[in-house]
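Okay, thanks for coming, everyone. Let me put the model up, and then I'll talk through the ligand surroundings.

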Amino acid sequence: MTTVAVLGGGIGGLAASYYLCKSPQVTKVTHHHGATFCLSVYVSVSDMVLQSLSLCLQVIVLESSSRFGGWLWSTRRSDGAVFEHGPRGIRPAGAVGHNTLNMVDDLGLGGDILPVPYSHVASKNRYVYMNRRLHRMPSGLSGLLRTVPPFSRPLLLSVAMEMLVKKGVEEDESVHSFVSRRLGKELADIAVDSLCRGVFAGDCRKLSVRSCFPVLYDAEQRRGSLTLGMLLGSGTLLTVVLFTFLFFEFWVKISLEDGVVSADHIISALPAKALVSILPPSCQPLIQLLQDIATVTVAVVNLEYEGSILPVSGFGHLLPSSEDQALLGVVYDSVPFPQHDRTNGRTTRLTVMMGGAWFHEVFGSPDTVTEERLLARATEAVHCHLGVPTAPSWSRVSLQRDCIPQYYPGHFRRVESMRSFIRENNLSLSLIGSSYDGVSVNDVIFNGRTAVEQLLGTGV
Ligand SMILES: Cc1cc2nc3c(=O)[nH]c(=O)nc-3n(C[C@H](O)[C@H](O)[C@H](O)COP(=O)(O)OP(=O)(O)OC[C@H]3O[C@@H](n4cnc5c(N)ncnc54)[C@H](O)[C@@H]3O)c2cc1C
Ligand SMILES: C=CC1=C(C)c2cc3[nH]c(cc4nc(cc5[nH]c(cc1n2)c(C)c5CCC(=O)O)C(CCC(=O)O)=C4C)c(C)c3C=C
């Protein structure tokens, strides 16, 4: 019996076990939670494809906390209200989006999806809070042609000029530098700064364009321009490379508090720093590379107000860092997902997110900041930004420590070096999860699938 151990029961680890389970070879799946463990023995024995090692495959999922799901985490109240403390939506677009929808359908959960159509106000209206007021982001052709505050000129001008900008020569650069260079500083300072706070809770002056927005980087590389890239399509034929993964059988002992599990292959879906703490010293170069992946902490404050209190309708609003470093933005949960409001009586659910790359500067150590301070800051923001004078009737503060990895310039090289080390040392280890190849739920699921396909040497 060949054993594959999946470390971490977040969406990455769960997706990898789902794809493993689709393999006809799988005969047994075991889940352990509340397990802390360390990896102890590495011995290379022979070179075979996992597929041919054994007709039977056993999958073990090891999760250290008392629940599965990782950052996917909700509170469901008995009166029907649901509050998300982590992700709340996926973008069902492109290959990675369709892949998630297929998995959800295959699991028989398609009926549980709450769709937000493109025509819905939550899809159309995105706001930025700047200069002490809410601005709807321009959309459609008229939005491109006119000067729409807070921008000082029509966006079409920036887009047209972009085609004349020469291709960059750097192997990688910050998102802010890339967008300033191609589309102008104003777009970088407002739109892109806010966007990076609403996806990475991060600072666009520090994040890598190549790793955070590979589509933009590729458009410049292939077409010499983002505008041309978008107009002509990426020009790439998306192929999922399914290759037979030649690996050396590798025997790993995983010591649990209550025993030892032996595995032939490990799929790590742990955050990079959690993997560091269980790798043996012989993996020092890999440990060093993993340690270099920074993360940020986000305070998530769920609020419930009586009645309909919003002055505008949309998905929510984001703030550029120039407006307020502490406040990343506010999600108007009741607009896209009214099904999750309390069943009796009209209420409005909001989520205020704070901190991210600025957490330490603004709030100090996550160990000492109080829930009262975070709640007060969140309700003050709802008051100032949305003009809501009343206090929330219900609230919940969650401190999501180290929840989002930050891909800094050169991240792609670090990840390449990690995988080279694993290959050259014949370690039977796959790296998946948000630390490496994308932070969205879609990316993490898709990368779990790719890792399983490489391991089994077949499509799933
Ligand atoms: C506030 C917030 C909002 C977000 N919003 C969105 C959104 O709207 N859309 C979107 O697509 N994405 C969103 N994301 C990003 C997305 O949720 C995450 O990137 C994704 O869930 C990460 O999944 P993962 O499986 O890689 O990691 P994790 O969820 O971190 O899972 C790792 C698991 O490993 C376990 N673990 C850790 N150490 C050990 C150990 N030593 N032994 C065993 N187990 C261990 C952990 O307990 C955890 O369960 C958001 C994230 C946050 C924090
Ligand atoms: C911890 C990270 C995140 C914070 C903070 C956050 C706040 C936030 N987001 C919105 C609006 C949207 N977010 C969307 C997608 C999305 N959000 C995060 C993470 C955080 N959001 C991720 C990783 C993703 C997935 C991105 C992807 O590539 O799929 C979306 C949908 C995407 C889109 O259609 O553009 C919206 C809208 C607000 C208002 C907000 C404020 C606190």
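So, a bit of vocabulary: helices (H or I, at least four residues) and strands (E, at least two) are DSSP runs, numbered from the N terminus. This is a predicted model, where local features need pLDDT of at least 70, side-chain atom pairs count only at pLDDT 80 or more, and totals for chains, interfaces and linings use all residues. Residues are numbered from 1 along each chain as its sequence is written, while chains are lettered from A and ligands numbered from 1 in the order in which they are written.

Right, the chain: 17 helices and 18 strands. Of its 460 residues, 42% count as buried, meaning 20 or more other C-beta atoms, placed from the backbone, lie within 10 Å of the residue's own.

Now ligand 1. It has 38 residues around it, with Gly8, Gly10, Gly12, Gly70 and Pro87 nearest; a residue counts as near if its C-beta atom, placed from the backbone, lies within 6 Å. Elements giving two or more residues are helix H1 (11-21), strand E5 (57-63), strand E13 (294-306), E17 and helix H17 (441-456).

And which residues are closest to ligand 2? Gly198, Gly316, Gly329, Met353 and Ser440, out of 20 that surround it. Strands E14 (316-318), E15 (327-331) and E17 (394-406) each supply at least two shell residues, and E15 has the largest share, with 4 residues.

So E17 turns up in the ligand 1 shell and again in the ligand 2 shell. That's my tour, happy to rotate the view.

Methods:
A residue is buried if 20 or more other C-beta atoms lie within 10 Å of its own, exposed if 12 or fewer, and partly exposed in between; C-beta atoms are placed from the backbone.
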